[in-house]
Structure formats: C-alpha cells, structure tokens
Amino acid sequence: LRHFALEQAARGIAVRHVVASTDYASALLPLAAELGPLRMMEPAERELRVELAALVGSGALEVLPHDGWLTTDADFAAAAGKGEGKGGQGGQGGQPPWRMDRFYAAVRRRTGTLMDGGKPRGGRMSHDAENRKAWRGSPPAPLPPRFTPDAITREVGALVESRFAAHPGRLDLDALPATADDARAMWQWAEAACLPTFGPYEDAMSTRSSGLFHTRIAPLLNLHRLLPRDVVAKTLALPIPLASQEGFVRQILGWREFVRHVHRATDGFRRIPGRPPTPNADPSVLGANRPLPAAYWGEPSGLACLDQVVGDVWREGYSHHITRLMILSNVAMLLDVSPRALTDWFWAAYVDAYDWVVEPNVLGMGTYATGDLMITKPYIAGAAYVNRMSDYCGGCTFDPESTCPLTPMYWAFLARHEAALAGNPRMIVPLSALRKRAREKRAHDAEVFVRASASLAKGERLAPLVRLV
C-alpha cells in the first residue's frame, strides 16, 4: 500500500495517505465530510462491503464496478443451472447447483479465449486429464525469486515485528514482492521458470519444493499488483504447451472468477438458496464439528504429508492448491473437523487469503460443507493417492500400503456419512465398494478413526500401534 501510494504520487496523482487506528468507515467519514462524496470500486471482500455499507447508504461513498474482474454477474447467471445437479435436476433461473466447468466454457465462448472457429483449441475445454503427473525430480523445480527490501519495506517489517510479534509464522521480507518492479519481476519469473512446465505437474506434491511449477502470483492478483486481464493475455501469447496454457488460464478466468461470483451470490455462504440461513457462515451438510487439531499450528502429527505441508505454510504463508485440497482439507474432512474452524485457519495462515476466495475454496470445495452447491462430490482420499502424487510417504513412520491411518479413515468417513452421500451419483462406486468391505475391516476403520482423532485432538503424535488394513 505504501509503495503503491508513492508510485501514484510519482505519476502526478494527488495522493492523500491516511493512517488510522480505527476501522475504515471511521477513517473515511471525516474525509467525506471535508472533501465531499468519495468514490471506490466495489470491494472484493464481503467483510469490507459490510463495514462500509452505512457510508454508501448515506451517500458519503459512491461505489463503482470493479474493473479488475474479467467476468460479470450476467456471465454467472447465464451459465448457472444449465447442467445436471443432484438427482439429475438442473437449477433454474441462476439457482444452484453452480458448476465451474459450465461457467468457464460459457466465458471462453463469449470472449473467444482459446477458441478456434467457435470450437475449443485442442478439441476440448479442459486439458486437466493431461495435468496429473507425479514429479520425481525432473525437470528441476525453480526456486522462488528473492527481493531486496528497501527502506519502506523494512519500515513495515519493523511495524509487523512490533505489533504482531505474537502471531504464528515468521516474517521473511526478502520473499515479498512489494513494489511495482517486484511484481513485474515475479511475473517474469513465472513466465520463464514455471508456466512452460506448469500443466503436467499441476497436481504433484513434493518435500523438495512447496510450489513446484506454480507461479505463486495469487497474492499479487488479489491485490491487483498484477492485473488478471494482463496475466491472461500474456499467458495466451506465450509459446508453451496447450495443456499448461489452458490449465493456467482456467485457474484465473475459470475458478478465480467463479468462486468470487458464488461468494457474492450467497452473501458469503450466509444465504444459500433452498437452505436455512447460516448467519455465521458455518455451513456443514455432513455435521462436522470437531476442533482443529494442534497439528495445524505446528505440533507434529506423525503423518509426514500433513507435517510437511503445515511446515511449508508456516514458513512461507503459502502452499499450492493440491496440498491445500488433498492434504490439509482432506485430513480435516476425514477427521470431521469443523469446516469453519479450518476456514479460519486458512484465513490466518495464507498470504493470499481473503473471504471471497478462502470461504469458497474451503467451505465450498475443500470440506464439502455446502454439499453439491458448487462441486459434485467430496474430495477425499486415502494413502494411495498421497503416495501416488507425492514423495511424502517415503519419509513417514507409516507404510502407505499397510499402516497409514488415512486409508481406514477414508473408509470410516464413507461409513459415517453413507446416508448423506447415497443420493450423489459420483459416490456410487466408492459407496458400493464400502458395502462390499468385510465387517471386521469396517470395525477396524471405525476404531482407527476414533483413536487417531482422539490422539490428534490431544496434540499427540500418531504412531502405528497395529497393522492397519
């Protein structure tokens, strides 16, 4: 913010930089009285919109559309409710279930992005099937760029260390792109070092690199230090494989835009059409309500995958989207952790966290807290998935084929929530396999869940006490 203000002043813009110990509304009210009505682009965060609503209502603030977004409410409404939802019933009049693939395809067609003659380039809208390779060390993963803090960055660092020293994590100023030049350098690194190989290893996880070929630009996009339309345009101009190009564009033009629309349409998941209101934004269709284990705050769990990713997050304020979904959210879901508790942890832990992106990603997708509102099934997995897509299991106390508790916890999750998931067509196969599972194995699954969840709730490290099946 301070760098941006000075950069605008250097362009000849009249800047008035106000520092206040109060909230935004209290800081802006006297300025509006002095200067007349103020203008702002609509804030992305619901939290800020609510805080400023009284000023908007009084005329002290005029709200303009935010020109950083690539899609409109009309795009979202046009794509909503046109496909198959739960039980084969599509929504009507823009009602849920909402699906990103429908939205993304509609936006691609309207804008002509990656389209040739009205048809998707390469013959299909998504090349995700080509982007599921595990990474075994080659090609080498790039090291994230480092930045030299200037006097302003060091000044803010000192403020953080004095005001927020008790907060978790650590301050690493060299890792933070603060100036416009830093943001451009970050993007140039992403173009050269990440995007050519992004696609194939998009879903891979590794102890040797927390980001692999992910660009790490989400914080800059969310702050609009990099503009989404520029990033998409530059990506489309790169001579890189189509699977990498389309996969990256889908994250920005597809998922990022989609979750923002879902968040606005539900008032931050407080008003979901057809369901009772949740004033505290704490939906949980599966009734999960257990506290978040201390392992998420850095206490060793004994699960190498969880401990690795948690360590990455507290070291960097970052991990890529598959570790967020298939490690952090998956483990929490298998433990029946409160979706709201996990969402609040994400909000505290990640440098790119805002309500409009964290709540859809965790409540809507990662924990299945909103059911089929915006995804088709819970994203849960046992040890086999983690072992296939990562190298985490090689350094773990547990054997992924015999003693890892994630696999019996997966089966126990299906057993606990069988009734709630029975109507979901994408759960037919796993639920059928559950029904064929031997009675003694199902009893063992339930025992492992009880013992593992109790141990982690106490902050204890898990250990293989018996051979699991």
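Let's start at helix H1, residues 2-10, where the buried residues are His-3, Ala-5 and Gln-8. Part of what covers them is helix H6, residues 151-163. Just past the end of H1, Gly-12 takes a positive phi of about 95 degrees. Before I go on, please keep in mind that this is a predicted model.

Now let me step back to the whole chain. It has 19 helices and four strands. How does its radius of gyration agree with that of a compact globule? For 469 residues, such a globule would come out near 23 Å, and the chain has 23 Å, so the two agree. If you line the model up along its principal axes, the C-alpha atoms fill a box of roughly 75 × 50 × 45 Å.

On burial, 51% of the 469 residues count as buried. The chain exposes about 22000 Å², with carbon and sulfur atoms supplying 55% of that area. For those of you who like contact maps, take the contacts with a separation of 6 or more: residues 24 or more positions apart account for 70% of them. As for charge, there are 54 positive and 49 negative side chains, and the centres of the two sets lie 6 Å apart.

Let's go inside. The largest nonpolar core has 103 residues. Which residues have the most contacts inside it? They are Ile-217, Phe-258, Tyr-296, Leu-306, Leu-328, Trp-345 and Leu-414. Helix H12, residues 321-334, gives this core its largest share, nine residues. There is also a second, separate core of nine residues, and Ala-32, Met-40, Leu-52 and Leu-61 are among its members.

I'd like to zoom in on Leu-328 for a moment. Setting aside residues up to four places away in sequence, Leu-328 touches a long list of partners, including Tyr-296, Leu-306 and Trp-345. You'll recognise those three from the list of residues with the most contacts in the core. Others that Leu-328 touches include Val-309, Val-310, Val-313, Leu-342, Phe-346 and Tyr-350, along with Ser-319 and Thr-323.

Some of those partners bring us to helix H13. Its buried residues are Pro-339, Arg-340, Leu-342, Thr-343, Trp-345, Phe-346 and Ala-349. The cover over them includes H11, H12 and H14.

And H14 is the helix I most wanted to show you. Why can we call it largely enclosed by the rest of the structure? Because eleven of its twelve residues, in the stretch 355-366, are buried. Have a look at them on the screen: the buried set includes Trp-356, Val-357, Val-358, Val-362, Leu-363 and Met-365, and it also takes in Asp-355 and Glu-359. Pro-360, Gly-364 and Gly-366 are buried as well. What do these residues pack against? Their partners are helix H3 (46-58), helix H8 (218-222), helix H10 (242-265), H12 and helix H13 (339-349). Then, just after H14, Tyr-368 takes a positive phi of about 60 degrees.

That leads to a few other backbone spots. Two of them sit in the loop between H10 and H11: Asp-267 and Ala-281. Phi of Asp-267 is near 50 degrees, a positive value in a residue other than glycine. Ala-281 isn't a glycine either, and its phi is positive at about 50 degrees. Are these two buried or exposed? Asp-267 is buried, with a relative accessible area of 18%, and the cut-off for buried is under 20%. Ala-281 counts as buried too, at 0% relative accessibility.

The next spot is a cis peptide bond, running from Ser-138 to Pro-139, with omega near 0 degrees. You'll find Pro-139 in the loop between strand E4, residues 119-120, and H6.

Last stop: Val-232, which has its place in helix H9, residues 228-237. Val-232 counts as buried, at 8% relative accessibility. What does Val-232 contact, once we leave aside its neighbours within four places in sequence? The answer is Leu-70 and Ile-252. If you want a distance to check on your own screen, Val-232 and Ser-209 are 23 residues apart in sequence and 25 Å apart in space, C-alpha to C-alpha.

That's my tour, and I'm happy to rotate the model for anyone!

Definitions and conventions: Residues numbered from 1 in each chain as written. Predicted model: local features only at pLDDT ≥ 70, side-chain atom pairs only at ≥ 80, totals over all residues. Heavy atoms only, no water. Helix = DSSP H or I, 4+ residues; strand = E, 2+ residues; numbered from the N terminus. Rg over C-alpha atoms; globule rule 2.2 N^0.38 Å. Buried < 20%, exposed > 50% of the residue type's maximum accessible area, 1.4 Å probe, protein only. Contact = heavy atoms within 4.5 Å. Areas by Shrake-Rupley, 256 points an atom, 1.4 Å probe, with all protein chains shown as cover. Lys, Arg positive; Asp, Glu negative; His and termini not counted. Charge placed at Lys NZ, Arg CZ, Asp CG, Glu CD. Core = buried A, V, L, I, M, F, W, Y, C linked by side-chain atoms within 4.5 Å.
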